[in-house]
Amino acid sequence: MSTKEVDVVIVGAGIAGLSCARYLLKKDETLNIVILEGKVGGRTLSVPLKTDDGTNTWDLGAHWVGRLVGELGLKTHEQCIQGRKFLQIGKDNSVRSYASDIPTLPLLDLLDLDRTMKKLDSLAREVDQNDPYSHKRGPEFDQMTLQTYLNNTCWRAESKELMCIAVRSTLGVEAHDISMLYFLTYVSSAGGLKQLTEATPYTAQEYTIQGGTQQISLKMAGALGNSVRLGEPVTSISQAVDTVTVETGHGNVYICKKVVLAVPPNQIGKLTLEPPLPTIKRELYKRMPMANYAFWREEGYSGESVTSGGPWTAGAGCICGPLCFTFDDTSANGDPALVTFVTGAQAVEWRQQTAEVRHKAILETLSQFFGSRVNEYVDCREKDWDEEPFCEGGPVCTAAPGAMKYYADCLRKPMGNIHLAGTETATVWAGYMSGAVQSGYRAAIEILANIRPGTVSQEDIDENDKPFKRSNSKLCKKPLTLMPIKPISPECRDTIYSVRCLVISHVTEIDHVIVGAN
């Protein structure tokens, strides 16, 4: 037990918290900063898995990248999208394949899907990230679920089903769980629906990091040295007029000028705060729960599949199969893997089963797309993000109907000397790692403006608010080599993420990675 005086305490050693610390020290290296957390990485986790000739690293958390990659000297790997893709939806749950970016749907369904996406994009462009509720239909859309909007807008069953899968795979929840206005705000922060759902240039799934995304946090934490205190979960925060007192589970006390809470919104209410959380913030946080997410190349497949689960008659008491979608997750040096996602209601249902039952079901579903060779895997890993004590799910906290009227005044607004960061608070790429960086920088700018006036400019603020796009000129343009490989099978269960050729799967966040043989 000890007492220490510092300038800033940051709660959370994920990308948002570490980005905040990095920005603060970049502007004023004399600041005394402490980062308190149980582990480094937040909602990223990179793990070693066996391959045919050794081991390699795959992600069991956040996968696709954006800001900071170049600054930290990390190398990217282009997401494989070459080859045919699979789609399993409709009344008959038949498996179809297609080679373009456009899924195989009847013409009327394609037209309906295009019309719906354009209407959503148009509405999203009207959303003010700093005050979504001010939208001309803000109160109406906040009381409406996204499912209600889709029921009223889509006039073809398969186009509506595909939209629901897109929501499930992106946010890890069902369309009936979230506010229509929240969804528009989320789409707006990314620049459109296509940016959220595709792996083409300038979209969310365009690149992964060689060696895993947890390196982003590990490299920043390494540079910060002894400022990062692991194994010190914060239990209480008390504010006086000019100071804040932070206590940890080990009884250590930190007295500081400013605090940054770089944790998911659903975790803030679990802290003992004095004064207590303002009522308006409590109301918001109550309404923002965490979501509950190669041989195939040789055969001309991309490793990508989209499904509503398909029929399930093999027992386990589940009404449909576990999968939502899959991606090729072959490493930069050619170790094949698949990453699968088990999300939304499917994740809730399948996480009641044992890991063995889930694994068997995932392989059985994958075999419908890629054949029996998926069973010839080398290694497999599952991660249940719902069991992580400092996030309890993934990939992001979503807003239920009625939450958005509190959003503008609560989500980012400081509570005295306590500032808020985390990807949910971003105005650009909310829910993604790039959004975590932006939120950390924003919290740092707020603090610097108060305790180090003159160190930040309006240009700094404007630069941080710009939409982030990686320049293709800075990326490796070497095409992926299509190598003959044996099936990789995933064992994934994802309530929000994916499984790869090494299979990585998240269920409401249970992640599986399955590595295939060459």
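In what order do the five strands of the open sheet with parallel pairing run? Going across, the order is β10-β3-β2-β14-β20. Keep in mind as you look at it that this is a predicted model.

**The parallel sheet**

The two ends of that row are β10 (228–230) and β20 (418–421), and each of these edge strands pairs on one side only. On average, neighbouring strands here are turned by 20 degrees against each other, ignoring direction. If you want to zoom in on one pairing, try β10 with strand β3 (residues 33–37): they run parallel and are joined over three bridges. A handy spot to find this pairing is L36, whose bridge partner in β10 is R229. As a reminder, strands of a sheet pair through backbone hydrogen bonds, either parallel or antiparallel.

**The mixed sheet**

There's another open sheet of five strands, and its pairing is mixed; the order is β1-β13-β12-β11-β15. Here β1 (3–5) and β15 (272–274) sit at the edges with a single partner strand each, so one side of each has no neighbour in the sheet. The average turn between neighbouring strands of this sheet is 15 degrees, again with direction ignored. For β1, have a look at its pairing with strand β13 (residues 253–256), which is parallel and spans three bridges. Within it, K4 stands opposite Y254 of β13.

**The whole chain**

Stepping back, the protein chain has 16 helices and 23 strands. It is 518 residues long, and 60% of them count as buried. Its accessible surface is about 19,600 Å², with 51% of that belonging to carbon and sulfur atoms.

**What's inside**

The largest nonpolar core takes in 88 residues, and I237, V246, V259 and L261 have the most contacts inside it. Helix α6 (residues 180–190) supplies the largest share of this core, eight residues. Apart from it there is another core, this one of 41 residues, including V8, A21, A62 and A262.

I237 is a good residue to click on. Leaving out neighbours within four places in sequence, I237 is in contact with V244, T245, V246, V259, L261, L271, T272, L273, E274 and I418.

Is S19 buried or exposed? S19 is buried, because its relative accessibility is 0%. This serine lies in helix α1 (residues 15–27). Once you set aside residues up to four places away in sequence, S19 touches L68, M220, V437 and Y441.

**Cysteines**

How many disulfides does the structure hold? The count is zero. C318 and C320 make a nice case to check, since the closest cysteine sulfur to that of C318 is in C320, and at 7.6 Å it is too far for a bond. It works the other way round as well: for C320, the closest cysteine sulfur is in C318, so the same 7.6 Å rules out a bond. A disulfide would need the two sulfur atoms within 2.5 Å.

Here is how S19 and these two cysteines come out for burial:

| Residue | Relative accessibility | Class |
|---|---|---|
| S19 | 0% | buried |
| C318 | 7% | buried |
| C320 | 15% | buried |

The cut-off behind that class is a relative accessible area under 20%. C320 therefore counts as buried at 15%, and C318 is buried at 7%.

Note on methods
Residues numbered from 1 in each chain as written. Predicted model: local features only at pLDDT ≥ 70, side-chain atom pairs only at ≥ 80, totals over all residues. Heavy atoms only, no water. Helix = DSSP H or I, 4+ residues; strand = E, 2+ residues; numbered from the N terminus. Buried < 20%, exposed > 50% of the residue type's maximum accessible area, 1.4 Å probe, protein only. Contact = heavy atoms within 4.5 Å. Core = buried A, V, L, I, M, F, W, Y, C linked by side-chain atoms within 4.5 Å. Pairing = 2+ DSSP bridges. Axes fitted to C-alpha atoms, helices over the stretch in contact; angles between N-to-C directions. Areas by Shrake-Rupley, 256 points an atom, 1.4 Å probe, with all protein chains shown as cover.
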